[in-house]
Amino acid sequence: MTFTKLMATAALTLGLATGAFAQEKTKVGFVYVGPVGDGGWTYEHNQARLALEEEFGDQVETVFVESVAEGPDSERVMTQMALDGADLIFTTSFGYMDPTINVAAKFPDVKFEHATGYKRADNVSTYSARFYEGRAIQGHIAGSMTESNIIGYIGSFPIPEVIRGINSAYIHAKKVNPDVEFKIIWAYTWFDPAKEADAAKVLIEQGADVILQHTDSTAPQAAAQEAGDVITFGQASDMIQYAPMPRVSSIIDDWAPYYIARTKAVMDGTWTSTDTWDGIGPGMVGIGEISDAVPAEVKAEALAMKDAIASGEYHPFTGPLKKQDGSDWLAEGETADDGTLAGMNFYIEGLTGEIPQ
Amino acid sequence: MIRLDKRPQPSRAMALATPLLAVLATMVFGGLLFAVLGEDPVQSILTIFWQPLFGEFAFYYRPQLLVKGAPLVLIAMGLALGFRAGIWNIGAEGQYIMGAIFGAAAALAFYPLEAWWIFPLMVICGGLGGLLWAMIPGLLKVKFGTNEILVSLMLVYVAEQFLSSMSLGLLKNPEGFGFPGSRNLQQYASAHNAEIITGSGMHWGVVAAMIAVIFAYVLLTRHRLGFAIRVTGEAPRAAKFGGVNPARLILFCLGTSGLLAGLAGMFEVAGPAGQITLDFNVGYGFTAIIVAFLGRLHPVGILLAGGLMALTYIGGDIAQSQLGLPAAAIQVFQGMLLFFLLALDVLTNYRLRFGAAEVA
Amino acid sequence: MDLSVINPILLLAALMSAATPILLAATGELVVERAGVLNLGVEGMMIVGAIAGFIVAVNTGSPAMGFIGAAAGGAILSLLFVFLTQVALANQVASGLGLTLFGLGLSALMGQSYVGVKPPRMGDLDLGPLSDIPVLGPILFSHDAMVYIGLLMVACVWATLKYTRAGLVLRAVGENHDAAHALGYKVKRIRALAILFGGACAGMGGAYISLIRVPQWTEGMTAGVGWIALALVVFASWKPWRVLLGAYLFGGITQLQLNLQGAGVAIPVEYLAMSPYIVTIIVLVTLSADKSRAPGSLGRIFHASH
C-alpha cells in the first residue's frame, strides 16, 4: 500500500517538475461551471480570460474547460490542469470549494483562486465581488423612478449573496421613496430563460414597474421591453442591447483587473494567499452606463453615490438599520462588518415575506 | 436494394466486431468534425483516446477511469437485468439521487459521532433509498399495470426537486454560511468512502461495481432466475408456460436496479462528491442506460462500455483544456459514438442482403 | 399577503403563451407515440429547433421564416432517429437519449456566434374587435400567431386521428404493427413520417422559446422543457385535447407558483414544482383501469419477417 502511495506521490511531483521546467510562459487555467456562451456568469469570466491574454500576450498561455460539474469532475479537471503545468488556476463557482482545497493540497507549488468561497490555504486564495454596492445604486434609481411604488425582484436561490443584494437595493430605494414595496420571486435557478421571463411578466402584471434580477439571462429585459413602461438593470453583463429602455443601467462582473493583477503576482513571485472582496472602487463591480431614460438629477445622485462608495466614504449598510423582526442591527453611523454580510440570512426592516428555508 | 434478414442466431463474430467498427467510424467522423472546427483531427482523437490511457499522466487518469466508470457500471448492470426481461426502468437517475440522500442523511443524523457501524448503515440506507424509489413503478406496474417507463421517468423529476429541497433545507450544512449543500462527508471519517488504496481510485463503489458484474454474470448464465429473465425477454408467452411469475420478476428487476442505483449514489456522495448539493446528480442514471445498451446488456460488455464512456468524458475534458475544443464538440462526439454503436448493432442480429428484393 | 394583486385575466393570458412550447412539442410526440414509437429525444429536437429557427429568423429578418426553419431543423435531427430505429432497428430508448445528447451539443456549436443577438420580434396577431371584448379579449384574442397555430395543431391532430383514414392507419400501426403489416400497411414509412412530424413540432416549440418567450439564444435554453412535454403526452393518455388541458395545467402550476410568490405567499416551491409529475403518475394509475392506455406497440421494434 505504501509503495503505491509513494509511486503516486513521486509521479505527481515529477509531473509537476517537468511542467515547471518545460515552460517559460505562465500558464493560467480556468474552470467554468457553465458554457462560455451563457451570456452571464461564465461569459464574463471568459471575457476576463481574454483580457488577460490581451494584456500579457505571449507571456501567458490560458486554458479553460467549460460546463464542468461540481464534485469529482471538477477535481479531475483541476488536477489535469495542474499536471499539464498550470501555474495558476481560477475555479469560478462556489461548488468548486472543497475540490479546489483537495487539489491544492496535492500541488503545493500551483496557486489556486476560488471565486465566492470561504475556505483558503497557503496556495488557495478566495475572491468575490461586492455586488451589493451596485445594488445600492440600483435601489436608488429604482426608488426614484418607480411610479407604482412596486419593485419586482427576481432572486435565484435564498442564499446570503442574493439576500444581501435585496437588502441593499431595498434600503436605498426606501431612502428616496418611503412608500416603496418589494415583491420578491425566487426562481430556484441561476439560469432558465423561460422561467425568468415568466417571473418578470408576473411581477409586471402585479404592478411592478421596475424589475431587478439576480439571475443571469436577458429574458427579464425582453419581458420588460415588451411591457413598455418598465425599467430593468443588466445583471452580470452589461446587456447594453436593451438600452436605453428598459435597461437603464447594469451591474457588470468585471474580473479582468483582478485576474491580471493575480497573474502578474505569480509572474513576479509575489503571490500570497489572500481573501479579496472587492467592489466598485477597485473595479471588480462595474456600473454600466446610466441611460438617458433616467432623469438627470437622479443620474447625478446615482453617480455621486457611486463615487462615494468607490472612495470608501460611504458604506451601503450604514446604521441606523433594523432587522425585519424589528430588532436592532446597526446603530447610527455604524457600518456592517464583512462577517455578518458574508453570512447574511435576514431581511431588513420593512421588507415583507419570509426567506424560504 | 438492401434488405435485412434476421439471423437464426445472433452472430458472435459481429457482436465482437461491431463495437470496434463503431469506435473506428466515430474516430473518422469525429476527426472530420474536429477538422471542420479547425483542430488537428489526429491530435484530437489521440488526446481523447490515448492520453488518459497511455499518456504522460496516465498514472492519474487510469484511476480516474474507475472513479468515473464505477457508478455507470453499477447502475447499468442493474438496468440491464430488467432490460433483458423487457422491464424498462429509465428512472435510475432518481434512484441514484434518493440513494445519495438516504445514505448522506443516515450519516449526518449521527454527526459528529465516530463509529464503525456508520458506513455500513449508510450502505444499507443508500441501497434502501434507491430500492424504495424503484419499487414505486414496480408495485404500480404489478398492481395496476401502469407503464414503468413513464412512472420511473416522472420520479426522476420528483427526486430532483426533493434534492433541491434537501440541500437548501434539512441537510444544509449549519456551518456553511447559508450556502446550499450539506456537510462534506469526506471530512467525516466514519462516513467517508475513501480510496481503499490511496491513488488507485479504488473506493467501495468500484468494488461494488465489480461484485455486481460477477453477480450478474453468474445469475444470467448459471441461475434459474437468470434463465427466467432471459426467457421472459425473448419469449414472454413461453415464460408464462414455463412457470415464471411475472409479478415477482418485475419486482426483482426493478428492485435490483433501484438498489444498485441507490448504492451508486450513496458511494458517490460519501466519496468522490462528498456532499449533497443542488447539482449533485450529473446524469449518471441516464448515461448508464446508454452504457447498458453499448454493452449489449451483457455483464462483460457493460464493464467495457462503462470504461469507454468514462474514457470519452475524461479524454474530452483533456481535449477541451489542451486543444481548446468546446464542450459542445465533445458532446456531439459522444452522440456520434452512441449512434454508430446502436446503428451497427443491427449486423449482429440481421444479415444484409444486397440485390433486388425477392417477391415473397 | 395580498391575493388581490393576482389578476386572473392576465394569469390566464400568460398561461396561453407559456403553455405553447410544451403544447407544440407534446402534440408532435403524441403523434409519434400513437404510431408506436417512443422518442425520448424531444429535448434535443427542441433545442436544435430553437437555434435553427433563431438563425433563420435573424438572417431573414422574418420570425415566420424562423419557425419554418425551426420545423426543418427539428425534422432533420429526427431523421437520425428514423434511421436508427426504423432502418437499423436500434433500441428506441437509447436512441432517443442519444438524440438529446447530440442535439444539445450540436445546437451549442451552431449557436456560437448568435449569443447576445436580438431576433426580430413577432408581433401579436391583430384580431380587430375581438381583442376588445372584456375578459375574453385579453385572455383569448391578444396573442401572437404561434399560440393559435399551436391550438390549430391540436385540433388537426385530433380530427386526423379520429376521422381520417390516415389517422386510422397510424393508430393501427401503433396498436399492433404485425397486424397492420399483415393488412399491407407500410409500417416503417408511416412511423418515419410520424417521427418527422414530431421533430418538426418539437423544433417549432423550441423556436417559440428562443424567438418569442425569451427571446434570445443561449446554450441549453430549453432547460428541460422537452422532458415535460414527454410527461405531458402520458398525462394526456395519448389524447390530443387532454394534451391541451395538460399543457395549461403544467404551465399553470409554474405561473400560479410565481404569482403566489409575488403576492407574498410563502409556499414550498420545490414541492409545488414536483406536483405535476406526481399528478401525472396518479393519472397513469387511474388510466390503467380505463381502456385508454398506451398504444400497444409503443417502444417495440418492428421488423417484417417475410
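Mentor: A residue counts as buried when its relative accessible area is under 20%, as exposed when that area is over 50%, and as partly exposed in between, using a 1.4 Å probe and protein chains only. This is a predicted model, in which local features need pLDDT of at least 70. Residues are numbered from 1 along each chain as its sequence is written.

Trainee: What makes strand β10 of chain A, residues 247–253, mostly covered?

Mentor: Seven of the seven residues of β10(A) are buried, and a strand here is a DSSP run of E with at least two residues.

Trainee: How do you know that β9(A) and β10(A) pair?

Mentor: Two strands pair if DSSP finds at least two bridges between them; β9(A), residues 231–236, and β10(A) have five bridges in the parallel sense, so they pair. Within β10(A), I252(A) is the bridge partner of A236(A).

Trainee: Why is β12(A) said to pair with β10(A)?

Mentor: β12(A), residues 285–288, and β10(A) share four bridges in the antiparallel sense, so the rule of at least two is met. I252(A) stands opposite G286(A) in β12(A).

Trainee: Why is a space called a cavity?

Mentor: On a 1 Å grid over the protein atoms alone, a cavity is a set of points where a 1.4 Å probe fits but cannot get out, and lining residues have an atom within 4 Å of a point. Three cavities of 30 Å³ or more are counted, and the largest has a volume of about 170 Å³, a volume being the space filled by probe spheres set on the points. Its lining holds 21 residues, of which E70(A), G71(A), P72(A), A273(B) and Q275(B) lie nearest its centre.

Notes: Chains lettered and ligands numbered in written order. Predicted model: local features only at pLDDT ≥ 70, side-chain atom pairs only at ≥ 80, totals over all residues. Heavy atoms only, no water. 1 Å grid on protein atoms, 1.4 Å probe; cavity = no way out; pocket = protein on both sides within 12 Å on 5 of 7 lines; lining within 4 Å.
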